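Open the model in your viewer and keep the selection tool at hand. The tour below goes stop by stop.

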Amino acid sequence: MMIDKFLDIIFIPNGRCPICKRVIFFSDEFICHQCKSSLDMVGDEKCKKCGKEIDDGKNYCSGCITYNYNYQEGFALYNYEGSIKTIIHNIKFSNCPELAVYMGKVLGKSMKNCSWLEELDYIIPIPLHENRFKTRGYNQSEKISNGIINEFTQMDKALDIKLCINTLIRQKDTPHQLKLSKEERFSNVKNAFKVTNKDVINEKTILLVDDVYTTGATIDECSAKLLDNGALKVYFAVLASGKTNQL
Amino acid sequence: MKRLPLFFFISGLLAIISYNIGINLILACVVFAIAFCICKGDSYKLIVIYCSIIFIFIFCRMDNISNITSSFDLNKNEVQYQGRVVSFPIYKENKVQFVMEVKGAKKEKVQGFINNNTHLLTYGDMIEFTAQATIPNSRRNPGGFDYRQYLRTKKIYTVMYINNDSLVIQNNSQNIISKNISALRNKLTDFIDVNFTERENQFLRALIIGEKGNDSEVINNFNKLGISHILSVSGLHVGFIYLFATTICRILKLNKKIQIYIIGISLYTYCFIVGFSDSVIRASLMLFLLLLANITNKKYDTLNVLCFLALCFILHNPYVIYSVGFQLSYSAVLSITVFYPYLNNKISFNTKYLEYFKSIILITISVQIGTIPLVIYHFNNISIFSLITNLLIVPAAGFIVIVFLCVFCVSTLLNISLLPFLVPVKLSINFILSVSENLIKIPYSYSILSPMPFYIVSFYYLLVFICFGYLYHYRLRNRKVIIVVTIINISIVIILSIIPKPLTVTYLDVGQGDSALIQFPSGQNMLIDGGGQYNYSVGDEIIINTLVHKNIRKLDLVVCTHSHDDHKLGILEIIGKVKIDSIIINCLEEEGYTDLISLANEFNIPVYKNNQVKVNISKSILLDFVYPNSNTLYIDENNSSVITKMSYNDISFLFMGDLENKGEKNLIENKKDISSVFLKIGHHGSKTSTGKEFLSTVNPVYGIISVGKDNRYNHPNQEVLELLDNKGVNYFRTDQVGAIEINTNGEKVKIKTYTD
Ligand SMILES: [Zn+2]
Ligand SMILES: [Zn+2]
């Protein structure tokens with residue numbers, strides 16, 4: 001017990017900025033100021049459905065025009081470009097759950113202007129398959145959700161939104177999506193998810209949380225499963241979303 | 001709140017600094033109380049309380065240790081003692097040195113020396129001997145080595161020179177652990193002794209077990225080339241041991257608890273073998289904590305670990321902060337932590353080989369960036385080739401350590417000879433040695449630098465941190481504060497360079513002999529005599545060190561008062577090592593100076609006779625060689641001494657060389673004004689000098705006697721001292737107070753002595 005406390009004082013999760021690798025001396029932040037301001041935030045012009053940044057002055061991105069997604073609306077904080085890739089890589093593969101929580105807080109803070117925030121009942125992180133959860137030790141989406149909830153409870157008008165895990169589970173251990181084409185991604189995640197407890201989500205509005213949104217295949221599949229099982233509406237929030245021109 | 005170890009370490013450091021610059025503990029407590037009131041929030045208030053506790057503890061401990069002195073009777077000549085050897089003895093030719101625990105008034109650690117040693121001592125020997133206990137020497141000259149403080153960092157306060165004939169080794173008492181580890185170490189040294197030549201042996205002993213026997217050329221070269229770190233057993237070696245142990249654990253698939261024990265034991269064994277040096281303990285503990293972090297699935301944080309370990313060290317003994325090993329070891333790791341990952345992230349290559357070279361280069365650069373002020377302070381030089389040498393030598397040294405340890409382990413375990421496998425080791429050693437020998441020959445391969453003043457050091461670090469993007473703050477106001485601090489720092493540098501410098505006269509403690517260094521306000525420098533001893537190079541060890549420490553690159557004038565060796569030898573030793581513009585000798589004895597003149601000719605230094613030159617320094621400073629004249633009759637060497645009179649407005653100095661009564665008589669008859677405030681007493685205070693009449697004529701306020709401790713001439717003479725007392729002359733003796741430094745602006749004087 002004593003040893004554990006002592007180790008917690010010495011080993012801190014945010015000793016170094018994950019982007020520029022400089023030592024963080026005195027701040028409680030996880031990313032240094034220079035790097036934080038260098039992250040590419042999604043601008044004002046964004047798709048009204050999925051929240052991706054668009055630069056051709058239209059209301060919807062090409063993806064949302066050609067395909068009718070099952071979810072209601074989505075929010076993305078950063079464009080999936082530059083340094084945010086390093087952060088997401090760290091969150092996923094470098095055993096940094098605390099960084100994920102921190103990024104969740106940042107995400108939660110910037111979501112306070114979303115019009116649909118008060119409709120929400122539950123937050124459901126995109127689940128990992130059991131096997132991958134074991135190797136990684138944690139689910140990064142769940143950690144991000146923890147951060148979001150933490151931020152929501154500290155808002156001026158505190159929101160009472162609960163985390164809901166184990167209701168949606170991943171039953172297929174699908175391979176990484178990175179090298180797949182858009183069509184392959186959609187088929188890859190087909191029937192990968194399962195709802196275990198219908199009653200919980202019945203007539204509820206749900207926020208899905210993930211790290212990155214590219215084609216929307218995963219989130220769309222989850223939304224479909226949730227809606228099939230009685231959910232009212234599904235929104236989503238991600239740390240970063242790929243711009244329209246990449247896929 | 002994060003980085004508690006950093007805060008704690010900084011408060012400890014502040015305590016040490018405050019103690020040294022004489023800040024009152026009560027004042028410090030007031031500051032902490034104010035900080036406590038200003039801080040908002042309980043967690044911050046708690047941190048202030050913790051910090052103040054650490055501050056007060058270390059402050060008191062500092063005070064405590066600085067008051068500890070030897071518990072032995074220092075006045076008695078030879079006393080019978082009993083003790084136990086508690087370090088691995090280091091043999092140098094026929095000398096041996098070791099640390100022992102001696103029973104006196106209480107049990108105390110003592111640094112022991114035996115000259116003309118005929119005994120074979122080992123760790124743990126119980127010994128009985130007669131010796132005289134003495135206090136170690138503190139710094140006696142500018143830039144000199146402070147042995148007292150060095151030993152204090154190891155909690156040793158006494159030195160004993162043991163009489164070889166009186167030593168009796170009774171028995172060996174060690175506990176089981178240290179017995180086994182000593183045996184292992186003996187096997188290791190035997191293995192090195194048997195399989196390697198003398199030259200390789202020295203290098204390997206330094207590399208593998210950190211034993212620096214002779215102050216050999218090898219170590220000197222390594223210091224100059226900036227690669228001495230590979231000879232001081234350090235993180236590199238401990239890293240290999242750790243790697244070795246973890247690999248074995250992984251192969252055997254041991255569980256985590258057993259892993260901790262095995263790695264802990266092997267690190268402890270290695271620390272024991274190399275004699276618990278600061279850097280090895282640091283590296284071992286860091287690796288042990290790394291292991292703990294891995295096992296408990298926590299994120300290892302080098303900076304915090306480093307601060308925590310440093311804090312433990314200074315809590316144990318605050319004086320460790322003065323240890324060169326401690327300073328370099330911690331600052332090197334700190335620089336790697338702070339600078340290397342950033343640099344490494346900035347520059348990336350695709351090829352693996354390039355990445356490897358890049359990381360070595362960048363680590364070297366990071367270490368250099370962070371440690372340069374310290375390296376210059378301690379070693380007075382930096383090498384332009386250190387990058388190249390590091391690139392060549394670090395991998396070679398790593399290779400040697402790995403192969404050597406493997407061969408050693410296998411051949412001792414299986415009891416077979418694996419001589420062929422040692423060939424690559426030998427080749428690498430010779431490669432390293434020849435690289436260093438050849439590089440040192442290249443002109444300008446290293447440059448001598450003087451310690452930087454504190455404000456330049458702080459400015460340097462400020463600049464480095466700004467360049468690396470630290471100290472950046474998102475608030476413009478805070479960024480402005482940093483800019484203001486920088487500007488203040490620059491203006492201090494400028495102001496300090498404008499402020500008129502005083503005239504500084506330093507009477508060096510050269511043992512039996514004479515030497516005085518004069519720094520004129522205009523920037524010129526003069527040396528009067530260079531001391532000289534037969535078994536010790538005063539020129540190299542004292543004069544050059546002083547010149548480097550005072551950042552003097554050129555002596556405009558060197559006066560050699562007469563041709564006796566205790567005045568001349570030191571000058572011969574520095575010719576060619578420091579630029580000399582001209583040498584002045586007395587006009588009476590040409591023959592005695594033959595060696596000096598020929599050496600000066602070799603280096604194209606003009607030699608003048610004292611009556612041939614007139615020296616103009618500045619309007620306010622008069623420099624006159626008042627004696628001997630062209631018509632002075634030659635009596636003997638001493639009575640031919642050049643007498644220098646120097647005055648700066650109201651303050652005047654008279655340098656007498658070894659002039660005796662006959663010469664003094666001549667000097668008075670010359671009717672030149674020789675009255676002075678400071679008189680360098682002639683001939684080391686011998687009774688043949690400093691007559692009553694002469695002293696009345698000079699009428700000094702202060703006297704300086706340059707004399708060696710317990711010299712065989714019995715200088716200074718009791719009658720002369722009594723005469724000085726009677727005349728009310730306030731005199732200083734270099735054998736008692738070390739070097740004497742006098743600063744004057746022409747009106748007031750400030751006298752500083754190097755020991756108390
Ligand atoms: Zn950064
Ligand atoms: Zn869209």
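## Stop 1: the zinc site in chain A

Select A:C50 and A:C64: both are buried. Buried here stands for under 20% relative accessible area. Keep in mind that this is a predicted model.

Now add the zinc ion (ligand 2) and show its contacts. Its protein donors are the SG atoms of A:C47, A:C50, A:C61 and A:C64. They lie 2.2 to 2.3 Å from the zinc ion. What arrangement do the four donor atoms make around the zinc ion (ligand 2)? The angles they subtend run from 104 to 121 degrees, so the arrangement is tetrahedral. The cut-off behind that word: all angles between 85 and 135 degrees.

Trace the donors along the chain. Their spacing reads C-x2-C-x10-C-x2-C. A:C50 sits in the loop between α2 (33-38) and α3 (62-66) of chain A, while A:C64 belongs to helix α3, so this pair ties together parts 14 residues apart in sequence.

## Stop 2: a nonpolar patch on chain B

Select B:I10, B:L14, B:I17, B:I21, B:I23, B:L27 and B:V31. Together they form a nonpolar surface patch with about 610 Å² of accessible area. Colour by helix next. α1 (4-21) and α2 (25-38) of chain B each supply at least two of the patch residues. The largest share, four residues, comes from α1(B).

Zoom in on B:L14, which is found in helix α1 of chain B. Its relative accessibility is 43%, so B:L14 counts as partly exposed. That class covers the range between 20% and 50%.

## Stop 3: annotated spans in chain B

Switch to a cartoon view. An unreviewed UniProt entry places the feature "transmembrane region" at several spans of chain B, including 43-60, 230-252 and 356-376.

Select residues 43-60 of chain B. The span is 100% helix and 0% strand, with its end C-alpha atoms 26 Å apart. Then select residues 356-376 of chain B. Here too the chain is 100% helix and 0% strand. The end C-alpha atoms of this span lie 29 Å apart.

## Stop 4: a loop residue and a long distance

Go to B:K253, in the loop between α8 (235-252) and α9 (256-273) of chain B. Is B:K253 buried or exposed? With a relative accessible area of 74%, B:K253 is exposed, because the cut-off for that class is over 50%.

Finish with a distance label from B:K253 to B:I740. The two residues are 487 residues apart in sequence. In space they are 66 Å apart, C-alpha to C-alpha.

How values were computed:
Residues are numbered from 1 along each chain as its sequence is written. Chains are lettered from A and ligands numbered from 1 in the order in which they are written. This is a predicted model: local features need pLDDT of at least 70, side-chain atom pairs count only at pLDDT 80 or more; totals for chains, interfaces and linings use all residues. Side-chain values use heavy atoms; hydrogens and water are left out. Patches are made of residues with over 30% relative accessible area and no salt bridge: like charges are joined within 9 Å, nonpolar side chains (Val, Leu, Ile, Met, Phe, Trp, Tyr) within 5 Å. Accessible areas come from the Shrake-Rupley method with a 1.4 Å probe; for residues, only the protein chains shown count as cover. A salt bridge is a side-chain nitrogen of Lys or Arg within 4 Å of a carboxyl oxygen of Asp or Glu. Buried means under 20% relative accessible area, exposed over 50%, partly exposed in between (1.4 Å probe, protein chains only). UniProt positions are given in the numbering used here, feature names are shortened, and annotations may be inferred rather than shown by experiment. Donors are N, O and S atoms within 2.8 Å of the metal (3.2 Å for Na, K and Ca); water is not among the atoms, so sites may look incomplete. Four donors count as tetrahedral if all angles lie between 85 and 135 degrees; four count as square planar and six as octahedral if opposite donors are over 155 degrees apart and all others between 65 and 115; anything else is irregular.
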